[in-house]
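Here is a short tour of the inside of a protein model, written for someone who likes to check contacts and voids. Have the viewer open and follow along.

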Amino acid sequence: MERTLFEPEHESFRDTVRTFLEKEVVPHHEEWEREGIVPREVWTKAGELGLLGFMMPEEFGGGGVSDFRYNVVLQEELTRVGASGVGFALHTDLVSGYLLSYTNDEQRQRWFPKFVSGEMITAIAMTEPGTGSDLQGIRTTAVREGDHYVVNGAKTFITNGINADFVIVACKTDPDAGAMGVSLIVLERGMEGFERGRNLDKLGLKAQDTAELFFDNVRVPVENLLGEEGRGFVYLMEKLPQERLTISVVAAAACRQVIDMTLEYVKSRKAFGKPIGSFQNTRFVLAELETEQRIAQVFVDRSVEALNEGKLSIDDAAAGKWWTTELQKRTVDSCLQLHGGYGYMSEYPISKAYRDTRIQTIYGGTTEIMKEIVGRSLGI
């Protein structure tokens, strides 16, 4: 079924992204996997090509384009080449939404140009040790003292955590107010008491820096409050559907990638004198996976259209997130099985895809939480 999501300008952007990745990312990604981090110059090179700020206003160097289809193209191309360590999605898909919606004029002047250029790498810090999906249970505090907030606490599993110069931190400004006591405060590199812990050693996404962050009496100017005090939880809920859609986009693209690589493998790999792709079991397995990928793609594409229309609901985003990521798990597992023993070897791309896939049903809200959201939308 032919996709109708994109216009010629999106395909032109895809060509730009593809050329950039083939030159600046693909030849080096294996080395970055060993090092556990992507060099900062990759970000500034991407910024020079307009790959990071296409959604930002032109007056700050951005493209002035409010169209999530460009985000989709970027994530699909990163997924196609297995560039799981390049944390552009957090920057372009998540943090950009908070900045566009909740910053004031002074903050835009201060932050937007460096966001667009890639000089400022961004992150968002919600998860804490012992507090995963329960955002109301966060313990990091921000106490107002004159013209500053004094921030204390810790965050973990923070994508871009080592490289980040700018971190949106979910804090309790009123510990007794529950969800209405949460605020979003921006901490910046170099603030005294803002420390980074380990670059965490993960099962997959090896090239992506994922860190612990620690805040010890960090004095943050009140000018770094994002939006209104006490509205942080509301802001998080408003932006989570877009985050979950990004994960769904990657899931559908990953299914496409591993099916394609497996098709190539089964056509060339022989057993009992003929290609293993000629066996009925192989055909049936791939037929099922191909069918499910096509169906998932239709739902994802329609969700992108709904987001652009301002109509993507919390429960639709949750439904798409859990179903596409669970499909991704099944697809990668089945495709690795068709590779046989070679699929278990690290030098085969399917092995890397298997490792990178496992986090998809966890971050952005676990499958269990997503089902809970959908269930509540049914009135049960």
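The notes below go through the cores, two buried residues and the cavities.

## The nonpolar cores

This is a predicted model, and a good place to start is its interior. In soluble globular proteins, nonpolar side chains tend to be buried together. Here the largest nonpolar core has 84 residues. Phe88, Tyr98, Leu99, Ile168 and Leu187 are the ones with the most contacts inside it. Helix H5, which runs over residues 88-102, gives the most to this core, with seven residues.

A second core, separate from that one, has 14 residues. Val258, Ile259, Val266 and Ile276 are among them.

## Ile168 and Val95

What does Ile168 touch, once residues up to four places away in sequence are set aside? Its partners are Val95, Tyr98, Ala123, Ile124, Ala125, Leu184, Ile185, Val186 and Leu226.

Val95, one of those partners, is found in helix H5. Its relative accessibility is 1%, so Val95 counts as buried, the cut-off being under 20%. With the same sequence neighbours left out, Val95 touches Leu90, Phe115, Thr122, Ala123, Phe166 and Ile168. For a sense of scale, Val95 and Lys114 are 19 residues apart in sequence, and their C-alpha atoms are 13 Å apart in space.

## A buried asparagine in a loop

Is Asn163 buried or exposed? Asn163 counts as buried because its relative accessibility is 7%. This residue lies in the loop between strand E3 (148-159) and strand E4 (166-172).

A polar atom of the Asn163 side chain lies 3.0 Å from the backbone oxygen of Val38. Beyond its neighbours within four places in sequence, Asn163 is in contact with Ile37, Val38, Arg40, Ile121, Arg189, Arg196 and Asp209.

## Cavities

Rolling a probe the size of a water molecule over the atoms shows where empty space is left. How many cavities of 30 Å³ or more does the count give? There are three, and the largest has a volume of about 50 Å³.

Asp93, Leu94, Gly97, Tyr98, Ile124, Met126, Lys239, Gln242 and Glu243 line the largest cavity. H5 and helix H7 (232-268) are the elements that give two or more residues to this lining, and H5 gives the most, with four. By class, the lining has four nonpolar, two polar and three charged residues. Tyr98 appears in this lining and also among the residues with the most contacts inside the largest core.

Conventions:
Residues are numbered from 1 along each chain as its sequence is written. This is a predicted model: local features need pLDDT of at least 70, side-chain atom pairs count only at pLDDT 80 or more; totals for chains, interfaces and linings use all residues. Side-chain values use heavy atoms; hydrogens and water are left out. A nonpolar core is a set of buried Ala, Val, Leu, Ile, Met, Phe, Trp, Tyr and Cys residues joined through side-chain atoms within 4.5 Å. Buried means under 20% relative accessible area, exposed over 50%, partly exposed in between (1.4 Å probe, protein chains only). Contact means heavy atoms within 4.5 Å. A polar contact is a pair of N or O atoms within 3.5 Å; within protein, one must be able to donate a hydrogen and the other to accept it, and residues adjacent in sequence count only if both atoms are side-chain atoms. On a 1 Å grid over the protein atoms alone, a cavity is a set of points where a 1.4 Å probe fits but cannot get out, and a pocket is an open set with protein on both sides within 12 Å along at least five of seven lines; lining residues have an atom within 4 Å of a point. Grid points are joined across faces, edges and corners, and a volume is the space filled by probe spheres set on the points. Ala, Val, Leu, Ile, Met, Phe, Trp, Tyr, Cys and Pro count as nonpolar, Asp, Glu, Lys and Arg as charged, and the others, Gly among them, as polar.
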